[in-house]
Amino acid sequence: MRANSRQYRAQSAVRAHHCEPHIKGIAALDVPSTGIVSAEELVHAYARVATNQGANIVTRARVVSLEPSGKSVRVGLRIGDEEGAQEEMIEARCVINAAGLYADEVAAMLGNRSWKIYPVRGEYCEVRGPRASLINNLVYPLPHSDGLSLGVHFTKTLWGTTLVGPTATYVEGKDNYEKGRMEIAEFAADAKTMLPEISAEDLQLGYSGLRPKLKAPGEKGVADFVIEADREVPRVIQLVGIESPGLTAASAIAGRVGELVAEILN
């Protein structure tokens, strides 16, 4: 058994070196089904499909109240900028709370305080110059043992660049995308563990994003996605803590939510 294990690792290391000759590693898993998408374009595509099927998408709107009313839920909206905002009330037979970072606050409007979201910022750097070509595929390290993230990895984009990231840092505020961002030298130090040839001079700061974590700082383990009907108001479906890999799982999540909606409406 041990001999077979050592032989497998040796073969894995040879294959990994063949695929990614500049990556330092002792073994690897090849996932040929892995692919990349533009998250922004994917969301636009979902919106086009929804609109073509009769959905009305209201933008620049904020939910300010949720009130159960018999066989429906009254949803109070504030639409537009603060100075010229208009109030509107929508009566819905079913409400899906998919408010991301604010899903806990929307749930609380119904008195459901089962969850608290902790924003975790993920930051990226972009590899610039000739060393961007040192990576051929998507390359990931082993995930963090504390379950906080998958760790800093290398990602190819559809527009031909290579990203390093994301980091994972608990932050104060659900709009804190920039304050106290990580130094490029720290990115380079993390990246060097897999790509020794990289240096800070090869990197430039990229974008950042926030994940809706359900685990508090210092709390171990990974929280599962919440996808369920509200216990007190079953006409509301709660989607809370949908962090990574929420984008990858979006179509599967939608399929499950569609089943829950059908149960409510029928």
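Before we start, one definition: two strands count as paired when DSSP finds at least two bridges between them. Hello everyone, and please keep in mind that this is a predicted model.

Let's begin with the first hairpin. Strand 1, residues 61–69, and strand 2, residues 72–79, run antiparallel and are joined by 8 bridges. If you want a place to look, find P68, which stands opposite V73 in strand 2. There are 2 residues between the strands of this hairpin, and G70 takes a positive phi there, near 65 degrees.

Now follow the chain onward. Strand 2 also has strand 3, residues 86–92, as an antiparallel neighbour, with 7 bridges joining them. Here R74 stands opposite E91 in strand 3. Which residue in the turn between strand 2 and strand 3 has a positive phi? That is G80, at about 100 degrees, in a hairpin with 6 residues between its strands.

Next, please turn to an open sheet. It is made of 3 strands in the order 4-11-10, and the pairing is mixed. Why is one side of strand 4 and of strand 10 left without a neighbour in the sheet? Strand 4 (95–97) and strand 10 (226–229) stand at the edges with a single partner strand each, so each has one side with no neighbour in the sheet. From one strand to the next, the twist averages 10 degrees.

Within that sheet, strand 4 runs parallel to strand 11, residues 236–240, and 3 bridges join the two. One of the residues to pick out is V95, whose bridge partner in strand 11 is V236. A helix belongs in this picture too. Helix 5, residues 250–265, lies across strand 4, strand 10 and strand 11, and it runs at about 160 degrees to strand 11.

Let's move to strand 7, residues 162–165. T162 and V164 point one way from the strand, while L163 and G165 point the other way. Are these residues buried or exposed? All four are buried.

Strand 7 has antiparallel pairings to show you as well. With strand 5, residues 118–127, the pairing runs over 3 bridges, and V127 stands opposite T162. With strand 6, residues 153–156, there are 4 bridges, and F154 stands opposite V164. Strand 6 and strand 7 form a hairpin with 5 residues between them, where G160 takes a positive phi near 90 degrees.

Both F154 and V164 come up again in the largest nonpolar core, which has 18 residues. They are among the residues with the most contacts inside that core, along with I23, L195 and L203. Which elements give two or more residues to the core? Those are strand 5 and helix 4 (184–192). Helix 4 gives the most, with 3 residues.

Stay with V164 for a moment and look at what surrounds it. Leaving aside residues up to four places away in sequence, V164 touches E123, Y124, C125 and V127. The same list includes V152, H153 and F154, and also F187, A191 and L203.

I'll finish with helix 2, residues 39–52. Its 14 residues reach 20 Å from the first C-alpha to the last, close to the 20 Å expected at 1.5 Å a residue. Just after helix 2 comes G54, with a positive phi near 100 degrees. Thanks for listening, and do have the structure open while we talk it over.

Key:
Residues numbered from 1 in each chain as written. Predicted model: local features only at pLDDT ≥ 70, side-chain atom pairs only at ≥ 80, totals over all residues. Heavy atoms only, no water. Axes fitted to C-alpha atoms, helices over the stretch in contact; angles between N-to-C directions. Contact = heavy atoms within 4.5 Å. Buried < 20%, exposed > 50% of the residue type's maximum accessible area, 1.4 Å probe, protein only. Core = buried A, V, L, I, M, F, W, Y, C linked by side-chain atoms within 4.5 Å. Expected span 1.5 Å × (residues − 1).
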